[in-house]
Amino acid sequence: MFISWGAETPRKYSEEEIATALAALENEELYGVVLRAKGIVPCADGTWIHFDYVPGEKNIRRGAAGFTGRLCVIGAELKEPALDELFHLN
């Protein structure tokens, strides 16, 4: 059975932070079995970062502004506290 974890955040990220977080999602022991992740988050330079992830492939790009940052992870046995920490939501 698949579950989803989602969060809204005003936190500003760098592309490097998002790339590091997406690479970390490969670790099933820490984060569960992640099948997909996506989001739109504000960047420190005032633009917005859009990202998509599936195992083995990540896409990070700049795009239109959103109202607030949104993150979504879909998978099985997701470890929500670890995802909160990974995306600095604590």
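In which strand is I74 placed? I74 sits in β5, the strand that covers residues 69-76. Before going on, please note that this is a predicted model.

Staying with I74: its relative accessibility is 31%, so it counts as partly exposed, since that class lies between 20% and 50%. On the surface, I74 joins F2 and L35 in a nonpolar patch. Together these three residues have about 270 Å² of accessible area.

Next, helix α1, residues 15-24. Which of its residues are buried? They are I18, A21 and L22. Looking down the axis of α1, you find these buried residues within an arc of 100 degrees, so they line one face of the helix. The general background is that an α-helix has 3.6 residues a turn, so residues three or four places apart point the same way. On the face of α1 turned away from the buried side are E16 and T20, which are exposed.

What do the buried residues of α1 pack against? There are three strands on that list, β2 (33-42), β3 (48-54) and β4 (57-63), along with the helix α3 (80-86).

One of those strands, β3, holds my last residue, H50. Is H50 buried or exposed? H50 has a relative accessibility of 14%, so it counts as buried; the cut-off for buried is under 20%. A polar atom of the H50 side chain lies 2.9 Å from the backbone oxygen of A64. Leaving aside residues up to four places away in sequence, H50 touches G39 and I40, then N59, I60, R61, R62, G63 and A64. So A64 appears twice for H50: in that list of contacts and in the 2.9 Å pair.

Note on methods. Residues are numbered from 1 along each chain as its sequence is written. This is a predicted model: local features need pLDDT of at least 70, side-chain atom pairs count only at pLDDT 80 or more; totals for chains, interfaces and linings use all residues. Side-chain values use heavy atoms; hydrogens and water are left out. Buried means under 20% relative accessible area, exposed over 50%, partly exposed in between (1.4 Å probe, protein chains only). Helices (H or I, at least four residues) and strands (E, at least two) are DSSP runs, numbered from the N terminus. The arc is that of the directions from the helix axis to the C-beta atoms. Contact means heavy atoms within 4.5 Å. A polar contact is a pair of N or O atoms within 3.5 Å; within protein, one must be able to donate a hydrogen and the other to accept it, and residues adjacent in sequence count only if both atoms are side-chain atoms. Patches are made of residues with over 30% relative accessible area and no salt bridge: like charges are joined within 9 Å, nonpolar side chains (Val, Leu, Ile, Met, Phe, Trp, Tyr) within 5 Å. Accessible areas come from the Shrake-Rupley method with a 1.4 Å probe; for residues, only the protein chains shown count as cover. A salt bridge is a side-chain nitrogen of Lys or Arg within 4 Å of a carboxyl oxygen of Asp or Glu.
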